[in-house]
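Welcome! Please load the structure in your viewer and keep the selection tool at hand. We will go from stop to stop, and at each one you will hear what to select and what is there.

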Amino acid sequence: MSTKEWELGPGSEFRFEVDFKKTIKVRLLSGQAEYFGTELGPEAEYQFSGGENGAIFSWNGCKISVTGECSSAYVADETAMDAYINVHVALQQQRAAAHVSNHSGPRVMIVGPEDCGKTALARILLTYAARQGERPLFVDLDPRDASVSVPGTLSVAAVSQAVDIEAGFMGLVQPSSQGAGETPLVWQFGYEQPDANPALFNALVDCAASAVTRRQKTDGAASGLIVDTRGFSDVARDQTIDHAVQALRITALLVVGNERMHSVLAARFGASDSTKSESVTVLKIPRSGGAVDRSPAMRQQLGARAVQRYFYGAGRERVTSFSTVVPFDDLCILRVGVDAVAPSSTLPLGETRKLSGTSVSPVVPDESLAHSVLAVTSAPAPDDAEAAANVDAVGLQVVGFVNVTKVDMEKRRLIVLSPVPGRLPKQVLLYGNTRWMETV
Ligand SMILES: Nc1ncnc2c1ncn2[C@@H]1O[C@H](COP(=O)(O)OP(=O)(O)OP(=O)(O)O)[C@@H](O)[C@H]1O
């Protein structure tokens, strides 16, 4: 494998893309550098693989070596980091004031079109805050690109140290030996897009908001929170933003790289509206030139990679997963949001089926469960089907996931992959649309 050295001037970044089947290794040879806010150690070697795109940024200049083949690699002198650090400094001032007054710190929500770098900005702001001794909460409301857990989920996590360079936000669930944070709270939404089931999405946002309040009661609220959202194509028609802004008591909206969206949201939430009790600061933030557009095929591969990382480890330390047999009789699988209307074939062209919000129905195991990623909740499974239909499944806390590798209808059992050895506990499982098939 060839090694190439790259010289970065002050304020520039090395942007790279790695193919799904390739790995690169990066070392810092001199100077200082960071990866989405987290400093690179002088002796360490970092591996990036599996379709990762990223940027190694240096404030004062540095030299790095890159071993292996990138599908794209270049140094950019123009970055959005000056704007991002300015936002961080402003948030840090609000946190300092909140520590003194014992009030809530900044409650920030990042919005913008798809692939504009929202998650990257959230990671940078959270890491900068953690590096200054803060403990902000990360609220992930982007189920398609769920950063903390598998696709289809929403989560709340306390970030008390720089986000791990290789494991990313998943390092919060699978902490390295350097020390753990608190376990993130995860909810199964089950769909990629909030508008697949807005009623359920909004109900889970309420659960996240209550969890934030509970955590801040014990931890203090001065560090505030940063919310990541999914990419919006038509912000004017979207009602999930309004709900999230209210439920999470957002004080600042950062609109990344879209003038029109900024003006729509400024009109909707900004200070000029005197009818609102609390106004929201709506700020325009530049999009990083490095943020990469991802095709639907690439999104699919990234989703599969996220599940793979859940079962086998996201960082350096590998996680072992185990095959377990679960008899149908021991299962209680529930689905929230049930098809309540006509089959898709009878709908006008281009229309998708809507789901009836938050109603709960038991899932009878059959072959269609193959490759499902099921959420294991903390709720004990009721004894009979009638009791199962009455479980209040909306907002159940997820403690882990299993992947159905085989459905054996003859023996009436599932074979599932689980990161925990032994029998699957008799707890309610929540169905979702996420599918994953292990490839060797
Ligand atoms: N400065 C940068 N240089 C190189 N790559 C970057 C940079 N910023 C972001 N990226 C990459 O671009 C891609 C899109 O960024 P990101 O996931 O932050 O966007 P997003 O707006 O959160 O996407 P969406 O909400 O549509 O899922 C990611 O692969 C990310 O790692």
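## First stop: strand 15

Select strand 15: 5 of its 5 residues are buried, so this strand is largely enclosed by the rest of the structure. Before you go further, please keep in mind that this is a predicted model.

Show the side chains of the strand. Ala252, Leu254 and Val256 point one way, while Leu253 and Val255 point the other way, and all are buried.

Now add the strands that pair with strand 15. Strand 10 is joined to strand 15 by 4 bridges, and the two run parallel. To find one of these pairs, click on Val111, whose bridge partner in strand 15 is Val255. Strand 16 also runs parallel to strand 15, with 5 bridges between them. Here, pick Ala252 and look across to Thr281 in strand 16, which stands opposite.

## Second stop: helix 5

Next, select residues 259-269, which make up helix 5. Which residues of this helix are buried? They are Met261, His262, Leu265 and Phe269. Turn the view until you look down the axis of helix 5: the buried residues fall within an arc of 100 degrees, so they line one face of the helix. A general rule helps here: an α-helix has 3.6 residues a turn, so residues three or four places apart point the same way.

Rotate to the other side of helix 5 and you will meet Glu259, Arg260 and Ala267, which are exposed.

What covers the buried residues of helix 5? The cover includes strand 10 (107-111), helix 4 (240-247), strand 15 (252-256) and strand 16 (281-285). You already know strand 15 from the first stop, where it was joined to strand 10 by 4 bridges and to strand 16 by 5 bridges.

## Third stop: the ligand

Center the view on the ligand and show the residues around it. There are 20 of them, and Ala55, Glu114, Thr119, Gly231 and Gly290 come nearest. How many of the shell residues are nonpolar, polar and charged? The shell has 5 nonpolar, 8 polar and 7 charged residues.

Color strand 7 (53-58) and helix 2 (118-131) next, as each supplies at least two residues of this shell. Keep strand 7 selected, as it leads to the next stop.

## Fourth stop: two open sheets

Strand 7 belongs to an open sheet of 5 strands, in the order 5-4-7-2-9, with antiparallel pairing. Its edge strands are strand 5 (38-39) and strand 9 (72-76), each of which pairs on one side only. Zoom in on residues 12-17, which are strand 2: 6 bridges join this strand to strand 7, and the two run antiparallel. A good pair to label is Glu13 and Phe57, since Phe57 in strand 7 is the residue that Glu13 stands opposite.

Another open sheet has 4 strands, in the order 1-8-3-6, and here too the pairing is antiparallel. Strand 1 (3-8) and strand 6 (45-49) stand at the edges with a single partner strand each, so one side of each is left without a neighbour in the sheet. On average, neighbouring strands of this sheet are turned by 25 degrees against each other, direction ignored.

Within this sheet, select residues 23-31 for strand 3, which pairs with strand 6 in the antiparallel sense over 5 bridges. Label Lys25 and you will find Gln47 of strand 6 opposite.

## Last stop: three single residues

Let us finish with a few single clicks.

- **Val376.** Look for this residue in strand 20 (residues 373-380). Val376 has 21 other C-beta atoms within 10 Å and is therefore buried. Leaving out residues up to four places away in sequence, Val376 touches Val398, Val399, Gly400, Phe401, Val402, Gln427 and Leu429.
- **Gln161.** This residue sits in the loop between strand 12 (153-158) and strand 13 (185-188). Is Gln161 buried or exposed? With 17 C-beta neighbours inside 10 Å, Gln161 counts as partly exposed. Draw a C-alpha to C-alpha distance to Tyr128: Gln161 and Tyr128 are 33 residues apart in sequence and 9.1 Å apart in space.
- **Gln308.** You will find this residue in helix 6 (residues 296-312). Gln308 has 17 other C-beta atoms within 10 Å and is partly exposed. Its C-alpha atom and that of Ala244 are separated by 30 Å, with their positions 64 residues apart along the chain.

Key. Residues numbered from 1 in each chain as written. Predicted model: local features only at pLDDT ≥ 70, side-chain atom pairs only at ≥ 80, totals over all residues. Buried ≥ 20, exposed ≤ 12 C-beta atoms within 10 Å, placed from the backbone. Arc of directions from axis to C-beta. Contact = placed C-beta atoms within 7 Å. Pairing = 2+ DSSP bridges. Axes fitted to C-alpha atoms, helices over the stretch in contact; angles between N-to-C directions. Near = placed C-beta within 6 Å. Nonpolar A, V, L, I, M, F, W, Y, C, P; charged D, E, K, R; others polar.
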